[in-house]
Amino acid sequence: MDGGTVWNVNLVSAAERCLEIVDDDSKIIMDIVICHEHTIDTEQDTGNAINNFLRYRQIHGQNKKLNDVVEFKRARPNIQYRYFV
């Protein structure tokens, strides 16, 4: 998949396809590769309320983009997750 699919990483379909071959989540090994730059400015001034708010939005936005992966891993804890790149 390309970098435009960070919000919709289709891990559910991948797991369902694997379950057509194996009979248990524990037999699935999943590598997750997304193409998205995860950078947060490190030298941003947070000395006032507006800068603090903007910094919060930047950090929150980065974390929210990966939420699909986190929720899937919680829902399917028996899958073996080997690499996340």
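A residue is called buried here if its relative accessible area is under 20%, exposed if over 50%, and partly exposed in between. D25, with a relative accessible area of 16%, is therefore buried. The views below show a predicted model.

**Figure 1. Overview of a chain with 3 helices and 2 strands.** From one end of the sequence to the other, the elements follow the order α-β-α-α-β. Of the 85 residues in the chain, 18% are buried. Among contacts with a separation of 6 or more, 63% are between residues 24 or more positions apart. The exposed area of the chain is about 6,300 Å², and 51% of this area comes from carbon and sulfur atoms.

**Figure 2. Close-up of the salt bridge between R76 and D25.** A search of the whole structure gives 4 salt bridges. In the one shown here, the side chains of R76 and D25 meet with an N to O distance of 2.8 Å. R76 belongs to the loop between α3 (67–75) and β2 (80–84), and D25 to the loop between α1 and β1 (29–32), so the salt bridge ties together parts that are 51 residues apart in sequence. Both ends of the pair fall under the 20% cut-off for buried residues: R76 is buried because its relative accessibility is 18%, and D25 is buried because its relative accessible area is 16%. Leaving aside residues up to four places away in sequence, R76 touches A15, L19, D25 and Y81. The list of R76 contacts thus includes D25, its salt-bridge partner.

**Figure 3. Close-up of the salt bridge between R82 and D31.** The closest N and O atoms of R82 and D31 are 2.7 Å apart. R82 lies in strand β2 and D31 in strand β1, so this salt bridge ties together parts that are 51 residues apart in sequence. D31 has a relative accessible area of 35%, and therefore counts as partly exposed.

**Figure 4. Close-up of the salt bridge between K27 and D23.** The closest N and O atoms of K27 and D23 are 2.8 Å apart. K27 is exposed, and D23 is exposed too. Side chains of opposite charge can pair when their charged atoms come close.

**Figure 5. Close-up of the aromatic pair F53 and Y56 in helix α2.** The count of aromatic pairs comes to 2. F53 and Y56 make a tilted pair, with 6.5 Å from centre to centre and 35° between the planes. An angle over 60 degrees would be needed for edge-to-face and one under 30 for stacked, which is why 35° is classed as tilted. F53 and Y56 are 3 residues apart in helix α2, so about one helical turn separates them. The helix itself covers residues 49–65. F53 is partly exposed because its relative accessible area is 42%, and Y56 is partly exposed because its relative accessibility is 47%.

**Figure 6. Close-up of the aromatic pair F72 and Y81.** The ring centres of F72 and Y81 are 6.4 Å apart, and the planes meet at 85°, an edge-to-face arrangement. F72 is buried because its relative accessible area is 8%. Y81, at 22% relative accessibility, is partly exposed. A charge also belongs in this view: the charged end of K73 sits over the ring of Y81, 5.0 Å from the ring centre. Y81 is also one of the residues touched by R76, which is found in the loop between α3 and β2.

**Figure 7. Close-up of the nonpolar surface patch around F53.** I50, F53, L54 and Y56 make a nonpolar patch of about 400 Å² on the surface. Patch residues need over 30% relative accessible area, so F53, at 42%, passes this cut-off. Y56, at 47%, passes the cut-off as well. F53 and Y56 also form the tilted aromatic pair of Figure 5.

**Figure 8. Close-up of C18 and I28.** C18 is placed in helix α1, which covers residues 11–18. C18 is partly exposed because its relative accessible area is 29%. C18 and I28 are 10 residues apart along the chain, and 6.7 Å separates their C-alpha atoms.

Technical notes: Residues are numbered from 1 along each chain as its sequence is written. This is a predicted model: local features need pLDDT of at least 70, side-chain atom pairs count only at pLDDT 80 or more; totals for chains, interfaces and linings use all residues. Side-chain values use heavy atoms; hydrogens and water are left out. Patches are made of residues with over 30% relative accessible area and no salt bridge: like charges are joined within 9 Å, nonpolar side chains (Val, Leu, Ile, Met, Phe, Trp, Tyr) within 5 Å. Accessible areas come from the Shrake-Rupley method with a 1.4 Å probe; for residues, only the protein chains shown count as cover. Helices (H or I, at least four residues) and strands (E, at least two) are DSSP runs, numbered from the N terminus. Buried means under 20% relative accessible area, exposed over 50%, partly exposed in between (1.4 Å probe, protein chains only). Rings of Phe, Tyr and Trp (its six-membered ring) pair if their centres lie within 6.5 Å; planes under 30 degrees apart count as stacked, over 60 as edge-to-face and the rest as tilted. A charge sits over a ring if NZ of Lys or CZ of Arg is within 6 Å of the ring centre and within 35 degrees of the ring normal. Contact means heavy atoms within 4.5 Å.
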